Amino acid sequence: MIARPGLMLTTNRLDDARATLETFAAYESKGMIPNLFDEDDEPHYNTVDASLWFLYAVWQLWRRDRSMVGAGVIDACHAIIAGYRRGTRYGIGVDRDGLVFAGDEATQLTWMDAKRDGVAFSPRYGKCVEINALWVSGLRCVAEMIGDDPLAEEYELLAGRASDAFASGFVRTDGLGLYDCLRPDGESWFGVDEIRPNQLFAVSLAKTPLMREHWRSVVDVCREHLLTPAGMRTLSREDAGYKGRFKGDMIERDSAYHNGTVWPWPVGAYCEAVLKASSRPPSARYEAAGALSGLIEQLASGCLGQLCEVADGDEPRDQEGCCAQAWSVAEVVRVLSEIVRSE
């Protein structure tokens with residue numbers, strides 16, 4: 001769902017985009033779409049974000065060409081919203097404040113999903129920042145698509161309640177952007193103050209729950225702590241849990257996978273946030289293009305036309321993981337096209 005806009009919409013492969021959505025819609029179950037098809041007979045549903053990215057992906061295609069989004073795909077969107085509100089697998093549900101919660105200490109339901117021998121190396125349970133940005137965005141996207149349907153008003157009201165809770169819960173008082181997640185502590189919730197790139201989606205999404213006055217602080221903190229020529233670090237170097245090398249045995253690599261290791265794909269959200277938050281469009285385009293320059297150079301080296309999965313957080317920044325990662329390439333293609341169009 002994340003790679004699809006860059007690979008299919010930017011490149012005008014609209015039939016492929018429609019077929020992808022229809023395939024996943026056909027496998028909707030308990031308000032979720034699969035995050036994995038493999039050799040097993042049954043698809044896997046162990047993620048909280050795939051279904052919310054689906055809502056956003058449907059809206060992106062609908063905005064491009066409304067005739068491409070059929071009733072079956074819209075029905076899947078309704079089923080996802082209903083499933084989350086009702087409660088579904090892995091403790092996923094919607095709290096009284098309208099925010100989505102999921103998981104526990106042993107689960108790995110977001111894209112930061114490294115887990116081995118029962119240990120989740122980046123435990124992000126509770127109310128995660130990008131999950132709730134996607135939830136609010138998804139509600140508003142579906143409301144727009146269904147127009148005069150009575151459910152549209154209901155979705156907008158729920159999105160409004162969740163947006164209020166988002167502002168009061170996720171905005172840090174120290175000016176360092178947003179909390180990465182809100183974690184349960186008895187009857188209350190506290191903010192986890194790890195600086196991670198997940199907060200960028202609260203700015204980059206088209207229908208963000210975050211007020212404009214906070215956009216700049218998110219961009220600034222991510223630039224200072226996370227931005228590298230190869231993409232975004234997954235954790236600030238100043239955090240005690242930071243690991244600057246994706247090296248060693250499987251346990252060592254998994255422990256670093258989302259705790260400092262650089263991933264190219266979130267730079268798409270960073271660039272989009274830069275473009276949105278700036279009051280000076282020419283300088284914003286220059287900054288966003290600069291953030292992509294190292295990755296554009298990589299396209300002409302190594303695995304030609306491709307971008308790697310990850311890189312070390314520290315210099316010298318070795319390219320690691322698989323040599324060709326779909327969302328790495330897709331986000332560079334998508335955002336570079338947006339920069340060109342905005343000139």
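Start by selecting T234: at 0% relative accessibility, T234 counts as buried, where buried means under 20% relative accessible area, exposed over 50% and partly exposed in between, with a 1.4 Å probe and protein chains only. T234 sits in the loop between β9 (231-233) and α9 (250-256); helices (H or I, at least four residues) and strands (E, at least two) are DSSP runs, numbered from the N terminus. Show the side chain of T234 and you'll find that it reaches the backbone oxygen of T261 at 2.8 Å, and the backbone nitrogen of N259 at 3.3 Å.

Before moving on, keep in mind that this is a predicted model, with local features needing pLDDT of at least 70, side-chain atom pairs counting only at pLDDT 80 or more, and totals for chains, interfaces and linings using all residues. Residues are numbered from 1 along each chain as its sequence is written, and side-chain values use heavy atoms, with hydrogens and water left out.

Next, pick E309, in the loop between α11 and β11 (310-311). What is the nearest side chain of opposite charge to E309? That's R253, 8.9 Å away, and E309 is buried yet has no salt bridge. (Lys and Arg count as positive and Asp and Glu as negative; His and the chain ends are not counted.) A salt bridge here is a side-chain nitrogen of Lys or Arg within 4 Å of a carboxyl oxygen of Asp or Glu. Add Y257 to the selection: the side chains of E309 and Y257 are joined by a polar contact of 2.2 Å. A polar contact is a pair of N or O atoms within 3.5 Å; within protein, one must be able to donate a hydrogen and the other to accept it, and residues adjacent in sequence count only if both atoms are side-chain atoms.

Now for the charged pairs. Side chains of opposite charge can pair when their charged atoms come close. By the rule used here, the count comes to 24 salt bridges.

Select R334 and E272, whose side chains meet in a salt bridge (3.2 Å, N to O). The pair links distant parts of the chain, with R334 in helix α12 (residues 326-342) and E272 in helix α10 (residues 267-277), 62 residues apart. R334 counts as buried at 8% relative accessibility, and E272 counts as buried at 16%.

Stay on R334 and add E331. These two form a salt bridge with the closest N and O atoms 2.7 Å apart. Both lie in helix α12, three residues apart, about one turn of the helix. E331 is buried, and so is R334. For a bigger selection, try R124, E130, D180, E194 and R196, which are joined into one network by salt bridges that share partners.

Then jump to R140 and E156, a salt bridge with the closest N and O atoms 3.8 Å apart. R140 is in helix α5 (residues 129-146) and E156 in helix α6 (residues 150-170), 16 residues apart. E156 counts as partly exposed, at 37% relative accessibility.

Last stop: E39, in the loop between α2 (14-26) and α3 (50-64). Buried or exposed, which is E39? E39 is exposed, with a relative accessible area of 75%.
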